[in-house]
Amino acid sequence: QVQLVESGGGLVQAGGSLRLSCAASGRTFSRDDMGWFRQRPGNEREFVAAITSSGRTRNYADSVKGRFTISRDNARNTVYLQMGSLKPEDSAVYYCTALASWPRTPTGYWGQGTQVAVSS
């Protein structure tokens, strides 16, 4: 049973920062490429960032490039998303997942997500 637990969301002012965490279990985490996705109200879930199993390669959506950083700690089975220079349009529920193919195809296993709200 795959389990993904996201945390770290909250309310922040535009220009602020947040760090999201995702704890994974039920798979061999260190072998999985991982990704963050988000879903804004009325929109489909969209890709945000991805990181390879080794952590050496990253990929970002153009909308977050230069502002967000994805990282991982394989010893803790955890992937992170450091978000900076936040904008109101970053407001969404954020999800992590293992990737079925690099860099943007999710496996379909989702956690409950963590809500990020950015006020202007």
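## Report on an all-strand chain

Val118 touches Val12, Gln13, Ala14, Leu86, Lys87, Pro88, Asp90 and Ser91, when residues up to four places away in sequence are not counted. The structure discussed here is a predicted model. Within it, Val118 belongs to strand S11, which covers residues 114–119. Its relative accessibility is 8%, and because buried means under 20%, Val118 counts as buried. One of its contacts, Val12, is 106 residues away in sequence, yet the C-alpha atoms of Val118 and Val12 are 5.0 Å apart in space.

### The chain as a whole

The chain contains zero helices and eleven strands. Read along the sequence, its pattern is β-β-β-β-β-β-β-β-β-β-β. For 120 residues, a compact globule would have a radius of gyration near 14 Å, and the 13 Å of this chain agrees with that expectation. The C-alpha trace spans about 40 × 25 × 25 Å along its principal axes.

Of the 120 residues, 43% count as buried. Contacts that link distant parts of the sequence can also be described: among contacts between residues at least 6 apart in sequence, 55% join residues at least 24 apart. The pair Val118 and Val12, at 106 residues apart in sequence, illustrates a wide separation along the chain.

The chain exposes about 6100 Å², and carbon and sulfur atoms supply 43% of this area. As for charge, the chain has 14 positive and 9 negative charges, and the mean positions of the two groups are 5 Å apart.

### Strand S4 and its two partners

Strand S4 comprises residues 34–39, and five of its six residues are buried, so the strand is largely enclosed by the rest of the structure. S4 pairs with strand S5, residues 46–51, in the antiparallel sense over five bridges. In this pairing, Arg38 has Glu46 of S5 as its bridge partner. The hairpin of S4 and S5 has six residues between the strands, and Gly42 in this hairpin takes a positive phi near 80 degrees.

S4 also pairs with strand S9, residues 92–101, again in the antiparallel sense, over six bridges. Here the bridge partner of Phe37 is Tyr95 of S9.

In a regular strand the side chains alternate between the two faces of the sheet.

### Backbone features in the loops

Most residues other than glycine have a negative phi, and most peptide bonds are trans. Several places in this chain depart from that pattern. Two residues that are not glycine have a positive phi, and they are set out in the table.

| Residue | Phi | Loop | Relative accessibility |
|---|---|---|---|
| Asn77 | near 50 degrees | between S7 (68–73) and S8 (78–83) | 27%, partly exposed |
| Ser85 | about 45 degrees | between S8 and S9 | 45%, partly exposed |

Asn77 counts as partly exposed because its relative accessibility is 27%, and Ser85 counts as partly exposed because its value is 45%.

A further feature concerns a peptide bond. The bond from Trp102 to Pro103 is cis, with omega near 0 degrees. Pro103 lies in the loop between S9 and strand S10, the latter covering residues 105–106.

Notes: Residues numbered from 1 in each chain as written. Predicted model: local features only at pLDDT ≥ 70, side-chain atom pairs only at ≥ 80, totals over all residues. Heavy atoms only, no water. Helix = DSSP H or I, 4+ residues; strand = E, 2+ residues; numbered from the N terminus. Rg over C-alpha atoms; globule rule 2.2 N^0.38 Å. Buried < 20%, exposed > 50% of the residue type's maximum accessible area, 1.4 Å probe, protein only. Contact = heavy atoms within 4.5 Å. Areas by Shrake-Rupley, 256 points an atom, 1.4 Å probe, with all protein chains shown as cover. Lys, Arg positive; Asp, Glu negative; His and termini not counted. Charge placed at Lys NZ, Arg CZ, Asp CG, Glu CD. Pairing = 2+ DSSP bridges.
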